[in-house]
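Trainee: Could you take me through one part of this structure up close? I'd like to see how the pieces around it fit in, too.

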Amino acid sequence: MIGLMPVKLDEAISEKKALLKALYEVFEDEVKKYPFVCRPGCADCCTVNVIATGIETILVLDSLGEGEKGKLYSELSPLKAKERLRPKVTPNEMASFYMAGKEPPLDEGFVFEPCPFLDEKNLCRLYEVRPLACRTFFSLKLCREAGEAVVPPEFFSLTMVFMQVLEEIDIAGVYGNFIDLLLFYLEKEKAKPEDLVIPETILANREAPDFAIPPQHEEYVRGVLARLYKHPVGDKTFKELLDAVKARIKPKEALSFLGEALS
Ligand code: SF4
């Protein structure tokens, strides 16, 4: 359990959602520049291993009515104890390991079962509000023909950095397997705050130590990042609002974890 960690699940939700939508917008504009071959109905990458942040989970649940949420809970409950990828570190923790010249713990538990949100035509039922991780699944060649996704290396670097920024947006929030997060938030809606227990499979989000970018991709990735930071969100830029959210939440105790993890 991470109950003693300073996770603050209900802070700055509307600002975080606005930042998240801006992040999705800038990322998707960038995706359009690549000649990816992925098409609707091609969903080999849609598995139970998708990871997400708490704020993305909230955005998904906001898009559902009460009846749909009840149905979703019934659908997902049988999957609660099943094996799937449950990350051991968040993207910002991973970057901290790399920056310290250390290898992060390897992710385990990949299970190649289809995502429960695929419909009978292999289309995503949550497409408009799907998490960033889902928005990063692309290939320059059909995976079935190439045997695996063919991802331009600079695009991969960009996705890693956007995952880091995503975690920053949801500072003092949580990170984990998307199915686990949905179940947790659906239970949270019904639980009394004092009864709420965060499962040990769900991690606390961290601030970015810096961005882990290979030198050959620095110029490209930082260029896109600069566009994201200048992107308007209400009457502020993305960066101004992100800094305001971080200052408001002041997750300093949460950040002390990094020293411990790397010592
Ligand atoms: S949520 Fe949607 S896009 Fe993401 S893995 Fe599931 S079906 Fe695919």
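Trainee: Which residues of helix α4 (residues 91–99) are buried? And could you then show me the sheet and the ligand's surroundings?

Mentor: Sure, and keep in mind that this is a predicted model. Helix α4 covers residues 91–99, and its buried residues are Pro91, Asn92, Glu93, Met94, Ala95 and Ser96. After α4 comes Gly101, which has a positive phi, near 70°.

Now for the sheet. Its 3 strands form an open sheet in the order β1-β2-β3, and the pairing is antiparallel. The edges are β1 (51–53) and β3 (203–204), each of which pairs on one side only. Take β1 and β2 (residues 174–177): these two run antiparallel and are joined by 3 bridges. If you want to find one of the partners on screen, start at Ile51 and look across to Asn177 in β2.

Two helices go with these strands. Helix α2 (residues 54–62) packs on the sheet, where it touches β1 and β2, and its direction makes about 90° with that of β1. Then there's helix α8 (residues 178–190), which lies across β1 and β2 and runs at about 120° to β2.

Last stop, the ligand. Around it you'll find Ala43, Cys46, Val50, Cys115, Phe117, Leu118, Cys124, Leu126, Arg130 and Cys134. Sort that shell by type and you get 9 nonpolar residues, 1 charged and no polar ones. Arg130 is the charged one.

Technical notes:
Residues are numbered from 1 along each chain as its sequence is written. This is a predicted model: local features need pLDDT of at least 70, side-chain atom pairs count only at pLDDT 80 or more; totals for chains, interfaces and linings use all residues. A residue is near a molecule or strand if its C-beta atom, placed from the backbone, lies within 6 Å of it. A residue is buried if 20 or more other C-beta atoms lie within 10 Å of its own, exposed if 12 or fewer, and partly exposed in between; C-beta atoms are placed from the backbone. Helices (H or I, at least four residues) and strands (E, at least two) are DSSP runs, numbered from the N terminus. Two strands pair if DSSP finds at least two bridges between them. Two residues are in contact if their C-beta atoms, placed from the backbone, lie within 7 Å. Axes are lines fitted to C-alpha atoms, for helices over the stretch in contact, and angles run from 0 to 180 degrees between N-to-C directions.
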